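Please open the structure in your viewer and keep the selection tool at hand. The tour below goes from one selection to the next and says what is to be found at each stop.

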Amino acid sequence: MAAAAARAVMRAVRVSEFGGPEVLRLRADVPIPAPKDTQVLIKVHACGVNPVETYIRSGNYARKPALPYTPGSDVAGVIESVGERVTAFKKGDRVFTSATLSGGYADYAVAEADTVFPLSDKLNFSQGAAVAIPYFTAYRALFLKGRAKAGESVLIHGASGGVGIAACQIARAYGLKVLGTAGTEEGMNIVLRNGAHQAFNHREANYLDKIKEYTKMQGVNIIIEMLSNVNLAADLHLLSHAGRVMVVGCRGSIEINPRETMNKESSIIGVGRFLETEEERRQCAQVVLEGIEAGWLKPVVGPEYPLQEVARAHEDIIHSSGARGKMVLLP
């Protein structure tokens, strides 16, 4: 990398047109970005892959970046340089981010210093790339939007992926009764190892009945929903009185009967990925950093891909048979 740094270019994945995974192109001649006053430049050691990045790439998402762009927002790595007004970090610090300005699927990334956090020695870089988006999303969904309280029950519908595992660990640490679903035996074991009191296989025909039985027909207070276009109508049946479905993931439309919400005075609440306020981000970061120190927050890293296999990563995150931890790219 020394020669490349001298030439001030790096490898980065570039998207020049919206479309399928094939529009992800790894280039070796991308200029290394320079951090402005309040920014830092990070040498990327790992970058998380999130389903939302596939939606943005396809052009079917509300947020369309200007082309060309580099995807990726949750990176872990080492500070390479800092802007003039940055005092919290210095060259050589291990860090993780909740956002980047230049894109994380690259050798280097620039981020605003207030979206960068110190990476504990307890976590490796792949785990560091599995922290910000999954755990911030899970905490916002459970507590900031879902108003979860200790003693309530939560069903994490799709609990073996990055956000699902984060939700299991956080909910368990905060005293909720945690139910999780997964699509494979391996996924169910991951869910149970990461805080769920009970796991269900959402590929079994009668799994919804099993959940109802488990709750003694009382239903659950909160559902964290990763695939609302498939599950939302069923979720409304599973809720308790005044229960709420937190819509974290969606890949299309679904027909529901609004009367179901009247019967139980239940709520459907959307959780946006890019809408967190600075105050919310601070709250999430505090919980996450405390959880890492306390030892209950342990990201589970799933499949890891080299940067040149980014198209396969995007294919697999949507089409693989069952999630098992957080997908990560390794530059």
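Begin by selecting Met217, which is found in the loop between helix 7 (207-214) and strand 11 (220-225); as you look, bear in mind that this is a predicted model. With a relative accessibility of 60%, Met217 counts as exposed, and its phi is near 65 degrees, a positive value in a residue other than glycine.

A second residue of this kind is Arg147, which you can select in the loop between helix 4 and strand 8 (153-157). Although Arg147 is not a glycine, its phi is positive, at about 50 degrees, and at 46% relative accessibility the residue counts as partly exposed.

From Arg147, go back along the chain to helix 4 (residues 132-145) and show it together with helix 5 (residues 162-173), so that you can see how the two pack with their axes 8 Å apart and at an angle of about 55 degrees. Are they parallel or oblique to each other? Helix 4 and helix 5 are oblique, because an angle of about 55 degrees belongs neither to the roughly parallel range, under 35 degrees, nor to the roughly perpendicular one, 65 to 115 degrees. The crossing in which helix 4 passes helix 5 is right-handed.

To see what fills this contact, select Pro134, Tyr135, Thr137, Ala138, Tyr139, Leu142 and Phe143 in helix 4, and then the residues they meet in helix 5, among them Val163, Ile165, Ala166 and Ile170. Taken together, the residues of this contact divide into 12 nonpolar and 3 polar, with no charged ones.

Cys168 makes a further stop, and it counts as buried, with a relative accessibility of 0%. The closest cysteine sulfur to that of Cys168 belongs to Cys284 and is 17 Å away, which is too far for a bond.

The structure as a whole holds 0 disulfides. Cys47 is likewise in no disulfide, since the nearest cysteine sulfur, that of Cys284, is 19 Å away and a disulfide needs two sulfur atoms within 2.5 Å. Cys47 is buried, with a relative accessible area of 1%.

Next, select helix 2 (residues 51-58), which is mostly covered, 6 of its 8 residues being buried. Which are the buried residues of helix 2? They are Val52, Glu53, Thr54, Tyr55, Ile56 and Arg57, and they pack against strand 1 (9-15), strand 2 (24-31), strand 3 (39-48) and helix 11 (310-319). Just after helix 2 comes Gly59, with a positive phi of about 85 degrees. In the loop between helix 2 and strand 4 (75-82) you can pick out Pro68, where the peptide bond from Leu67 to Pro68 is cis, with omega near -10 degrees.

Move now to Ala12, which lies in strand 1 and is buried, with a relative accessible area of 0%. Setting aside residues up to four places away in sequence, Ala12 touches Arg25, Leu26, Arg27, Val30, Thr70, Tyr105 and Ala106.

The last selection is Ile256, placed in the loop between strand 12 (239-247) and helix 9 (259-264) and counted as partly exposed, at 28% relative accessibility. Beyond its neighbours within four places in sequence, Ile256 is in contact with Leu232, Ala233, Leu236 and Ile268. Although Ile256 and Leu232 are 24 residues apart along the chain, their C-alpha atoms are separated by 7.3 Å.

Technical notes. Residues are numbered from 1 along each chain as its sequence is written. This is a predicted model: local features need pLDDT of at least 70, side-chain atom pairs count only at pLDDT 80 or more; totals for chains, interfaces and linings use all residues. Side-chain values use heavy atoms; hydrogens and water are left out. Helices (H or I, at least four residues) and strands (E, at least two) are DSSP runs, numbered from the N terminus. Buried means under 20% relative accessible area, exposed over 50%, partly exposed in between (1.4 Å probe, protein chains only). Contact means heavy atoms within 4.5 Å. Axes are lines fitted to C-alpha atoms, for helices over the stretch in contact, and angles run from 0 to 180 degrees between N-to-C directions. A crossing is left-handed if the near helix is turned anticlockwise from the far one by less than a right angle, and right-handed if clockwise. Ala, Val, Leu, Ile, Met, Phe, Trp, Tyr, Cys and Pro count as nonpolar, Asp, Glu, Lys and Arg as charged, and the others, Gly among them, as polar.
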